[in-house]
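Q: Could you take me through the empty spaces in this protein, starting with whatever I need to know to follow along?

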Amino acid sequence: MMKKPFVTKEQIEEIVKTYPTPFHIYDEKGFMDNARKVNEAFAWNKGFKEYFAVKATPNPFIIQKLKEAGCGVDCSSYTELMIADKLGFRNDEIMFSSNETPAGEFKYCNDLGGIINLDDITMIEAMEEECGIPETVSCRYNPGGVFEVCNGIMDNPGDAKYGMMPEQIVEAFKILKEKGVKNFGIHAFLASNTVTNEYYPMLAKTIFQLAVTLKKETGADIKFINLSGGVGIPYTPDQTPNDIMAIGEGVRKVYEEILTPEGMGDVAIFTEMGRFMMGPYGALVTQAVHEKHIYKEYIGVDACAANLMRPAMYGSYHHITVLGKEDAPCTETYDVVGSLCENNDKFAIDRKLPKIDMGDYLYIHDTGAHGFAMGYNYNGRLRSAELLLKEDGSVEMIRRAETPEDYFATFDFCDIMK
């Protein structure tokens, strides 16, 4: 199988006349079509809403487009709430899912009318001190143990710092109900980047059963269940992409099996996908600028881990296409590396690729989520521009590249760098 870029060498050669590499570029048609498909997959649930995870791609131009497609936002910090505020999101268009929440953030969310999703039972007191007790509150659940699909461990919730244990969420619902909460939600995230259509239905079964228990034990009026994220993308060419229509149908079956018979057929289903919504629709484009022949063959590019941290941080695989050589045989074995003074600054290790010549453009796939967003400034490297390939084929800059002035801006209180 092959992974196909959404831009050609010819397009990139035109783009770099205005915007030099490296840059992240996003495919507007791709992610807007995908957003519409997600809504279609869950259209059977009249209250359904996708809350796009801002952390994945915190660019207001992209989030504004997703707003037009009917998405809300899932925020996890004050500055992400600021993005939501500036773009006009209000009330139940905002989900605030934070942990170890700094002071002031619950109040900001509540002032916008957003829904607070409490990560821990101790946060009830903190929320009440800041903004009182809202009419609608969600609680995050962690069942502990391991989470398995098809007899294979998908993830280990018991090692995760998120959510409440079963007995804690029961107690939290009781406390919140006593304090005046009228509308309740449940949230859980049990596995990351799953590439199987079975994950969401299995997660849904776990939370739906919990919802029935909570209703019986606390009398809470459960208005929504948030399946969160975890629906992944095929980073490697041999993986089969998730089928969101099959996933939506799988959740519907479990819904009708568990919730409907309990008189809970009006519970809204929420999702908060970042990776699935945007991951395949972004790419990091970088140029080969050096080659080195020592114990291994190295290709040095003008991007580095400051532009895409996942391979260095997790050892993650990102497919690479050498633009203009899509059909050339992969006769060479390279480490594709950046310029950081860190030996893990590698986009690929022992990767079979066509022969790369200096000046070639490398298209690093699937950086549309948790790509630019995880960037940093080690070695004084500056974050790149972000570009939008619009549906009409034109290109718009949606974030300029950083400059040294940006890097030194936090010294503006003194003269040392003037």
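A: A pocket here is an open set of grid points with protein on both sides within 12 Å along at least five of seven lines, whereas a cavity is a set of points where a 1.4 Å probe fits but cannot get out. Please keep in mind that this is a predicted model.

Q: Okay, so what's the volume of the largest pocket?
A: The largest pocket comes to about 980 Å³. Its lining is made up of 37 residues, and those closest to the centre are K55, Y162, F189, S192 and H370.

Q: Which helices or strands supply at least two residues of that lining?
A: Strand β6 (136-141) does so, as do the helices α10 (275-278) and α11 (310-314).

Q: And how many of the lining residues there are nonpolar, polar or charged?
A: In the largest pocket, 15 are nonpolar, 14 are polar and eight are charged.

Q: Moving on, what about the second largest pocket, and which residues lie nearest its centre?
A: The second largest pocket holds about 560 Å³ of space, and among its 27 lining residues P234, P241, P280, Y281 and D366 are nearest the centre.

Q: Which helix gives the largest share of that lining?
A: Helix α2 (residues 28-41) does, with four residues, and by class the lining of this second pocket has 12 nonpolar, eight polar and seven charged residues.

Q: Changing topic, how many cavities of 30 Å³ or more are there?
A: The count is one, and the largest cavity has a volume of about 40 Å³. It is lined by 13 residues, with Y26, A56, T57, A373 and E386 closest to its centre, and the lining divides into six nonpolar, six polar and one charged.

Technical notes. Residues numbered from 1 in each chain as written. Predicted model: local features only at pLDDT ≥ 70, side-chain atom pairs only at ≥ 80, totals over all residues. Heavy atoms only, no water. 1 Å grid on protein atoms, 1.4 Å probe; cavity = no way out; pocket = protein on both sides within 12 Å on 5 of 7 lines; lining within 4 Å. Points joined across faces, edges and corners; volume = space filled by probe spheres on them. Nonpolar A, V, L, I, M, F, W, Y, C, P; charged D, E, K, R; others polar.
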